[in-house]
Structures are given as C-alpha cells and as structure tokens.
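Let's walk through this structure together, going from its overall layout down to single residues. Have your viewer ready and follow along.

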Amino acid sequence: MIQGHLQLQRGAFLLDTGAFAFEADGVTAIFGRSGCGKSSLLRAIAGLDADTRGRLTVRGEVWQDGRWARPVAERDIGFVFQDAALFPHLSVRGNLRYALRRAPQAPSDALEAVAERVGIAAWLDQAVTTLSGGQRQRVAIARALLMQPRLLCMDEPLAALDWRAKAELLPLIDELARETGVAVLFVTHAPVEVERLATRVLFMADGRIERIEPLQAALARPDSPLFAEEGPVTVLQGGLQPSGIDGLLRFDAEGVPFLLVASAVAAAPRASRLRVLARDVALAVEPPRGLSMLNQLPVTVQALHPAEAGRVTVACGLANGHKLLAQLTAHSVAMLGLQTGQAAWALVKSVALVD
C-alpha cells in the first residue's frame, strides 16, 4: 500500500492531500486539470521537495513523518520528467551509465538488456541532442528502469510529444508496467492516456485528492471528470481473435464479442482494451433487423442519468456483467419508453482499439 497525508506550501498554492491509501501495483493515474497539484503530489511522494510535511508510508516503510523525510536516494524511485531531463553533453550510453552507478546491484548486462527492451539499442552511441522527443523519452524511461526502482514516477511524459510518438510510447509503458511489476504513478490531464494505462485513477482538484477508484468505477460514474472532453466512454478489457468472417476480426471483451474491420486493427494488433464513446451507441427496444451495424448486443437498462443539453446517459448491463454507456436525447428516451430493468439492444456504431 501507498498511504499517508501530505502537505506542501508553494507560494500561494497549498497541497493538502487529505488522508489517502491505494495499492502499490499496476498504474495509478494521477488526473486533474492543470494547476490542481498533480506534479506537486508526485514530487512530494518522491521526496524531491524538502518542504513536504505529513506522513507517507510505502509498502510498510515510512518515507515521511512530519518534518523527517527518508532521503530520495533511499526511496528506490525512478523518475521520468516531461522534458526527459537527460544530460545533453553525454551520449545515450553515458546517460544510462549514470543510472547504473546508482544501482550497483544491477546485472553486468543490464544496460544492453534494458536498451533492447525499450527500443533504443541502435542509438546507444548517439548524442541525446540528435534524438527526437519520443526517442529522448525512451532513453529517460530506460534510465529510470536501470535504477531498479520499486516505484516509477512519470510526470506527464507524453505531454510534449506528437500523436505518433504517443501512440508508440503508450503500449511500451503498459507492457513495462506489467512485465516488471514496478508500481507506476502516472501524472496526466489526458483522459485517453488514463483509459489506456490506468489500473486505478487518483482524481485531484485544488491541491486535494478528491477520490481514488478503479478505472472501471471511474468510467461508470456519469459525472466522471474523464468525460469532460468527449463525453461518457466505456473501456472494455479483452483481446483480439480470428472471427471466421472474411475481412473481420473479433475482440472478445470477456465473453462479449465485438466485430472489427481487419484493416482498422492493423495499427493496434496487440490491443487489450476497447474504447466505445457513449455517443456512438444507439439503443433499440425491439430486435434489430436490416441494419448494417456489425455490433448489436443484448443489454439490460440499469440506470438513466439526465445530462445537460437535453441528453441522457443510459447505463446498460452487458451479458458479462460489465457496463456499456449510451448517450441519447431525452426525446429518444421518452419515445422508447426506457426504464430500469428493461431489455434492449445496443447498436454500436464505432469502436476504437486502445493500443
């Protein structure tokens, strides 16, 4: 567990988290608007701000107790900053060797092994100033891993990158978290990054932790802050399989099948999550016939949540017990006579693999 209550005053801004506790595993996304204290919390946990006060324990070890703080070097933390923060006068290899000097127990082949795993083996002798933003972040991730951390802190590592670099790094971060077993604290203000990576979400506002909840619970709330940009979203876990239908693949979402056009899967062949915008889900109260939509799923209406602008978010239960959100006009809800407990069919217009 990671638990405590931290305070940090920075000018007019006060970080005062309130009591918190969450599991020290998987990826914990620290989410909120700019200026809410996400980076301040991460730095306080890492011990990078000497003025931090309060209490913090990580896996039973006390890292902060009042004014006393365990030194940063003894916290077994790897840190990846938004701007990579590499030494510009050193090569890629030189930056990685710096990390190795702080991890004397690392195997002799650790540098080459991590470089290969993170995809930077071909650049080891290049100057870091010649690398792209995405390449520099790969080096920063490799450097953090070489320090053999028990906790990997990532402060908006994708914020300055273009969409292509983000698309390459998101699955890498996910795979490294699962393969290494290192707990990751991932600061972001991008809902898509949360939906792709998070095991749980720590929501922040005005210097306080508002709540901590599993990703699926965060997505099940109609008022979730994750919905501010694109509206309600459903994220389903699963994997790709052959469908037996020419040109189509099947995404098995824990027993609920979705059909996808094979050409649209090419960019995300290892995807383990499926993202469905609520506005791309229609509902029918009679068995659909004569429609071109590939995905027509039996559901049960579980809840109706009125939203702004005459819209209603309808929480539907799938056959596997998970939720699928649909967003309809209030007029459509009234016309269909929708009510809780009612059987219906969800017609999914579009889905996206999250890789």
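**From domains to details**

The centres of domain 1 and domain 2, taken over C-alpha atoms, are separated by 34 Å. Where they meet, domain 1 puts 13 residues into the contact and domain 2 puts in 10 residues. If you would like to colour the chain by domain, the assignment gives domain 1 as 2–223 and domain 2 as 233–354. Please keep in mind that this is a predicted model.

Now turn to the packing inside. The largest nonpolar core has 42 residues, and Val92, Leu96 and Ile120 are the ones that touch the most other members. Several elements give two or more residues to this core: the helices are H2 (92–101), H3 (110–118), H4 (133–146) and H5 (163–180), and the strands are E9 (151–155) and E10 (183–188).

Helix H2 is a good place to look at this core from. Its buried residues are Val92, Arg93, Gly94, Asn95, Leu96 and Ala99. What covers these buried residues of H2? The cover includes H3 and H4. You can follow this from Leu96 itself: leaving aside neighbours within four places in sequence, Leu96 is in contact with Leu111, Ile120, Leu124, Val139, Ala142, Arg143 and Leu146. Of these partners, Ile120 appears again beside Leu96 among the three core residues that touch the most other members.

How many cavities of 30 Å³ or more does a search of the whole structure find? There is one. The largest cavity holds about 30 Å³ of space. Its lining is made of Ile141, Leu152, Met154, Ile173, Leu176 and Val184, and E9 and H5 each supply at least two of the lining residues. By character, the lining divides into six nonpolar residues, with no polar and no charged ones.

Finally, let's visit two loops and their backbone angles. Asp76 is found in the loop between strand E7 (68–69) and strand E8 (77–80). Although Asp76 is not a glycine, its phi is positive, near 55 degrees. Is Asp76 buried or partly exposed? With a relative accessible area of 33%, Asp76 is partly exposed.

In the second loop, between strand E15 (248–253) and strand E16 (256–261), you will find Glu254. Glu254 also has a positive phi near 55 degrees in a residue other than glycine. The relative accessible area of Glu254 is 47%, so Glu254 counts as partly exposed.

Key
Residues are numbered from 1 along each chain as its sequence is written. This is a predicted model: local features need pLDDT of at least 70, side-chain atom pairs count only at pLDDT 80 or more; totals for chains, interfaces and linings use all residues. Side-chain values use heavy atoms; hydrogens and water are left out. A nonpolar core is a set of buried Ala, Val, Leu, Ile, Met, Phe, Trp, Tyr and Cys residues joined through side-chain atoms within 4.5 Å. Buried means under 20% relative accessible area, exposed over 50%, partly exposed in between (1.4 Å probe, protein chains only). Helices (H or I, at least four residues) and strands (E, at least two) are DSSP runs, numbered from the N terminus. Contact means heavy atoms within 4.5 Å. On a 1 Å grid over the protein atoms alone, a cavity is a set of points where a 1.4 Å probe fits but cannot get out, and a pocket is an open set with protein on both sides within 12 Å along at least five of seven lines; lining residues have an atom within 4 Å of a point. Grid points are joined across faces, edges and corners, and a volume is the space filled by probe spheres set on the points. Ala, Val, Leu, Ile, Met, Phe, Trp, Tyr, Cys and Pro count as nonpolar, Asp, Glu, Lys and Arg as charged, and the others, Gly among them, as polar. Domain bounds come from an automatic or database domain assignment.
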